[in-house]
Amino acid sequence: MDHFTYRDGILHAEDVPLTTIAEAVGTPVYVYSTATLTRHFRVFEEALAGLDHLICYAVKANSNLAVLRLMGSLGAGMDVVSEGEYRRARAAGVPGERIVFSGVGKTREEMRVALEGGIRQFNVESEPELFALSEVASSLGLRAPIALRVNPDVDAKTHAKIATGKSENKFGIPIARAREVYAEAAALPGIAVVGVDVHIGSQLTELAPFETAFTRVAELVPALRADGHDIVRVDLGGGLGIPYRRANEAPPLPFDYGEVIRRTVGPLGCEIEIEPGRLIVGNAGILLTRVIWRKNGEGRDFLIVDAAMNDLVRPAMYDAWHDIVPVAESSPGDELPPVDVVGPVCETGDTFARERPLPVLDSGDLVAFRSAGAYGAVMASEYNSRPLVPEVLVRGDQFDVVRARPSFDEMLKRDSIPSWIPEIP
Ligand code: LLP
């Protein structure tokens, strides 16, 4: 459930008409709903109620400081994968002891920053990383708390670009080698083994792969304990999918995901961490855009909007579907022949939808790409020298610009021209 609904014929974010935001901030613009973000976080809390747990929101899904502050204020921890994300989490006010550091390529510098700033645990993905982390921690007179990310060789049944739990993927340590690597870890002076970590992919629309992966973790933990390791935490990663096509998709509910957790790793008596990103923010955000032109092509028509692949790359990158809805509610019978919805960037890949049935829309009309709160703004770029798309957070009948659109002057100022290049006569 989300809080983007039609009222008096206009799509609203909570109590704010999207037309108001478009006028005040311009388009394209991301719009997030506080009520939806809050609700999705609470749904996970309820799903894990009674279990000792920490929900570590995956910062990569949407790293706006306002979103991080909101999550932190609700009690979330954070899952970060870079120094930048770590700094964002800290800048939002999240204490180090609630931040886990994931990622397959942490640098020594990133390890140092997190160790000095405070960290709950590193999810370590390889032996070279383990040895380096021990050295960095020892040099600071510290021991780094770690979980090893195991690769359970499970097919997550999601898009190949976001599946991470098969043995051919770059992630984690093969589960068959886990005991050996835990033994190495325990012998290192700068390492304190605290847990086991697994993450098999994103946008999972079935529970069975989670169940298989969590069962493998549940089998591993007693073996590790028998080897003498004090395993007090399991981190189950993120990945629960969301409905992108509202009309015909119904991915599993967090409650049922919680039941799988209870059934598989619940009896271990460990503290449970999960790292959801998409389910919390995905349907809490839309990308609001304006039609520039409607163009009749040969055999097909195009709706050219002012958002482009640099603002929302998911359709171009993963052939992802986003529902597209008009801001002014349409009546049945208003449909156009199907159109291609495209952006202004000079690439054919700058296509949001092909042959999409939509109501009659023309120059100046506003449309919303739904389910754009996760992996939207964070993956945006300035390709074609288009300013980074701004972000707005709505709460009730109020809204705040939580990231402003940069001016062209600000964009130009970041470059510099060496003095040896002559002026242009
Ligand atoms: N934990 C780890 C270690 C991850 O790698 C990820 C996502 C998550 C948690 C959060 O997963 P979520 O709950 O959001 O599914 N850009 C892609 C998605 C990439 C996901 C990468 N890892 C997209 O737009 O679909």
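The largest nonpolar core of this predicted model has 118 residues. If you want a way into it, look for V31, M78, L133, I146 and L148, the residues with the most contacts inside this core. Helix α8, residues 208-226, contributes the most to the core, with six residues. The core also draws on both domains, taking at least three residues from each of domain 1 (4-31 + 282-413) and domain 2 (103-274). As general background, nonpolar side chains in soluble globular proteins tend to be buried together.

L133 is a good residue to click on next. Setting aside its neighbours within four places in sequence, L133 is in contact with M111, F122, V124, A144, I146, G190 and I191. One of those partners, I146, is itself among the residues with the most contacts inside the core.

Now step back to the domains. The protein is divided into domain 1 (4-31 + 282-413) and domain 2 (103-274), and their centres, taken over C-alpha atoms, are separated by 36 Å. Eight residues from domain 1 and six residues from domain 2 make up the contact. On the side of domain 1 that touches domain 2, three residues are nonpolar, four are polar and one is charged.

From there, turn to the ligand. It has 22 residues around it, and S202, G238, G277, R278 and Y375 come nearest. Two elements give two or more residues to this shell: α10 (278-281) and α11 (314-318). By character, the shell divides into nine nonpolar, eight polar and five charged residues. Here too both domains take part, with at least three shell residues from each of domain 1 and domain 2.

The UniProt record, an unreviewed entry, lists G239, E275, P276, G277, R278 and Y375 under "binding site". Among them, G277, R278 and Y375 are also residues that come nearest to the ligand. G239 lies in the loop between β12 (233-235) and α9 (254-264). With 28 C-beta neighbours inside 10 Å, G239 counts as buried. Beyond residues up to four places away in sequence, G239 touches A156, H199, I200, G201, S202 and L204. E275 sits in the loop between β13 (271-274) and α10, and E275 is buried as well, with 26 other C-beta atoms within 10 Å. Its contacts, counted in that manner, are C56, A58, D79, H199, D235, G237 and G238. H199 therefore appears in the contact lists of G239 and E275, since contacts are judged by C-beta atoms within 7 Å.

The unreviewed UniProt entry also places "modified residue: N6-(pyridoxal phosphate)lysine" at K60. You will find K60 in the loop between β5 (53-58) and α3 (65-74). Is K60 buried or exposed? K60 is buried, because 22 other C-beta atoms lie within 10 Å, and 20 or more is the mark for a buried residue. Leaving out neighbours within four places in sequence, K60 is in contact with V81, E85, G277 and V378. G277 in that list also has a place in the "binding site" feature.

The record's "active site" feature, again from an unreviewed entry, is at C346. C346 belongs to the loop between β17 (339-342) and β18 (351-356). Why does C346 count as exposed? C346 has 9 C-beta neighbours inside 10 Å, and a residue with 12 or fewer is exposed.

A few backbone details round off the tour. The peptide bond from T27 to P28 is cis, with omega near -5 degrees, and P28 is in the loop between α1 (18-25) and β4 (29-33). Two residues other than glycine have a positive phi: D153, at about 55 degrees, and Q203, near 55 degrees. D153 lies in the loop between β9 (144-151) and β10 (173-174) and is partly exposed, with 18 other C-beta atoms within 10 Å. Q203 is in the loop between β11 (191-197) and α8 and is buried, with 24 other C-beta atoms within 10 Å.

Last, have a look at H40 in helix α2 (residues 34-47). H40 counts as buried, with 25 C-beta neighbours inside 10 Å. Not counting residues up to four places away in sequence, H40 touches L279, I280 and A284.

Key
Residues numbered from 1 in each chain as written. Predicted model: local features only at pLDDT ≥ 70, side-chain atom pairs only at ≥ 80, totals over all residues. Core = buried A, V, L, I, M, F, W, Y, C linked by C-beta atoms within 7 Å. Helix = DSSP H or I, 4+ residues; strand = E, 2+ residues; numbered from the N terminus. Domains from an automatic or database assignment. Contact = placed C-beta atoms within 7 Å. Near = placed C-beta within 6 Å. Nonpolar A, V, L, I, M, F, W, Y, C, P; charged D, E, K, R; others polar. UniProt positions renumbered as here; feature names shortened; annotations may be inferred.
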